[in-house]
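Q: I have a structure open in front of me and would like to learn how to read it. Could we go through it together?

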Amino acid sequence: MTPEDFRAAGHELIDWIADYRTRVESLPVKAQVGPGDVRRALPAAPPTSTDTIGEILRDLDEIVVPGTTMVQHPMHYGWFPSNASLSSVLGDIASSGLGGLGISWESCPSLTEVEEVMCDWMRQLVGLSDQWRGAINDTASTSTLTGLLVARERATDLSQNAAGLQSTLAPLVVYATDQAHSSVAKAALLAGFGWDNIRLVGTDPVTHAMDPGALAEAMTADRKAGRVPAAVVATTGTTGVTAMDPIAAIVEVAAAQAADGHQPPWVHLDAAMAGAAMLLPECRHLWEGVEGVDSLSWNPHKWMGTVLDCSLFYMRDIDLLQQVMSTNPSYLQSDEDGDVVQYRDWGIPLGRRFRSLKLWFHLRLDGVEAIQGRLRRDLENARWFHDTVEAAGGPWKIAAPLTLQTVCLRHEPEIDGVALTGDALDAHTLGWVRGLNESGETFLSPSILDGQWMVRVSIGVEPTERHHLERLWSLMQQAVS
Ligand code: PLP
């Protein structure tokens, strides 16, 4: 494809994206396909001739769009807001168009230095001190794995430089709660800790946040048994109920482990979803104590709306990070080594995309104030929805305290004067949610809390306004009747 061909096809593609976003509200929210439908719509063998951009755009409309659950739809309330602001989409296109190679500072100095500056802008925007330095990873899963790999190495005095975990006799333990995202256990397993050494710490029965007293007890019991508390993964905004683990108290418990001359366990903070709220000074009390953690990450690619993939990872002890992550093959060495950031030494991959461009475009084209305004709108909408459900009363029950933008609820009717419980209540919950999701009018994702299915209304898609929530409330009432 020549640049001129690209110009013509690119204009058509941009028009297609703009049209798609304009009409997204008229489309069914849930993907309209069954397993294998998309695969069957594609030729089994690779093409032997070329197609036009028009033919490809038609296939996008006919095959890809029906096979997409519309997370940009204002009636999408599933999982978490996964906004892909169009300003950041432009940055993503610029990144691909530039085609830079991020394997060293030398291979693309601007890729490195725009990323450094974007991480620093974002640090300032969420009120972190200048002790922190950041990198942009693909996902929070990678960031948590990175944090736990560094934790493992600090706990073993860099055992990777010798026999690795094989040389460590005392088992290393990781602490989190049953509300932590599944990526935390996955990272712990990949980092070699093993299921036996993942401790699920007790939580507050109402807020579902980590109980620091239970954390201290678990660490003491592990020490007594000859195990080493190596890392705690705390969460600001858990996936299910947006619980806020008490960071300051957790940091204190971890630090107390140093009292007996032990290395204190590493504290990693997973704020994947809720980190966006820290753009609002009035929300920062929710991660009070954050300056005491060892590493943290959050995803602009969720509620904030910088298109996936864009996960910020911050640490203070960059020397340690580099000791764990650095490689220095001769073909990547350059005269600038030592004077510049080499992001390949700050994480797992060698090659990196120019992800910072989408943040740069997003912040510059939309503006911080507009992003903050949208987040505040969502918080107000969530409060309104929560209060509406609560005021309705009767079978409608709020299932967990509202902390940000996710309202957790159940509809618990009585049949012949007897309240539904257990499996019957689960069947009722899953039934009315399935009905709504199949209608294409809206989308909700249920999850299990305290052994019982509940429904999460996760608010925060860019075009979602109050009238969309009024519509959802009316649909929910119809669905249970
Ligand atoms: N952590 C939390 C608290 C989350 O809510 C999620 C996603 O839902 C993740 C981690 C995983 O994020 P990613 O897809 O960026 O790995």
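A: Gladly! Let's start with a definition: two strands pair if DSSP finds at least two bridges between them. Keep in mind that this is a predicted model.

Q: With that idea, what is the order of the strands in the open sheet of five strands?

A: Following the pairing from strand to strand gives β1-β13-β14-β10-β9, and the pairing is mixed.

Q: Which strands stand at the edges of that sheet?

A: Those are β1 (76-77) and β9 (396-398). Each has a single partner strand, so one side of each is left without a neighbour in the sheet.

Q: How many bridges join strand β10 to strand β14, and how do the two run?

A: A strand pair is described by its bridges and its direction. Here β10 (residues 406-411) and β14 (residues 452-458) run antiparallel and are joined by four bridges. To find the pair on your screen, look for Thr406, which stands opposite Ser458 in β14.

Q: Which helices lie across these strands?

A: To describe a helix on a sheet, we list the strands it touches, with contact meaning heavy atoms within 4.5 Å. Helix α13 (residues 422-439) lies across β9, β10, β13 (443-449) and β14, and it runs at about 30 degrees to β14. Helix α14 (residues 466-480) lies across β1, β9, β10, β13 and β14, at about 125 degrees to β9.

Q: What is the order of the strands in the open sheet of seven strands?

A: You can read it in just the same way. The order is β2-β8-β7-β6-β5-β3-β4, again with mixed pairing. At its edges stand β2 (133-137) and β4 (198-201); each has a single partner strand, so one side of each lacks a neighbour in the sheet. On average, neighbouring strands of this sheet are turned by 20 degrees against each other, ignoring direction.

Q: In which sense do β3 and β4 pair, parallel or antiparallel?

A: Strand β3 (residues 172-177) pairs with β4 in the parallel sense, over four bridges. Thr177 stands opposite Val201 in β4.

Q: What surrounds the ligand?

A: For a ligand, we list the residues around it and then look at individual atoms. This ligand is surrounded by 13 residues, and the closest are Ala140, Ser141, Thr239, Asp270 and Asn299. The shell divides into three nonpolar, eight polar and two charged residues.

Q: Where do N or O atoms of Ala140 and Thr239 come in?

A: Ala140 places a backbone N or O atom 2.8 Å from an oxygen atom of the ligand. Thr239 has a side-chain N or O atom 2.9 Å from a ligand oxygen. A polar side-chain atom of His301 lies 3.4 Å from an oxygen atom of the ligand. Taken alone, the ligand exposes 400 Å², and the protein buries 89% of that.

Q: Where is the peptide bond that is cis?

A: For this, we read the backbone angle omega. The bond from Leu308 to Asp309 is cis, with omega near 10 degrees. Asp309 lies in the loop between β7 (295-298) and β8 (311-315).

Notes
Residues numbered from 1 in each chain as written. Predicted model: local features only at pLDDT ≥ 70, side-chain atom pairs only at ≥ 80, totals over all residues. Heavy atoms only, no water. Near = heavy atom within 4 Å. Polar contact = N/O pair within 3.5 Å; in protein donor to acceptor, adjacent residues only side chain to side chain. Areas by Shrake-Rupley, 256 points an atom, 1.4 Å probe, with all protein chains shown as cover. Nonpolar A, V, L, I, M, F, W, Y, C, P; charged D, E, K, R; others polar. Axes fitted to C-alpha atoms, helices over the stretch in contact; angles between N-to-C directions.
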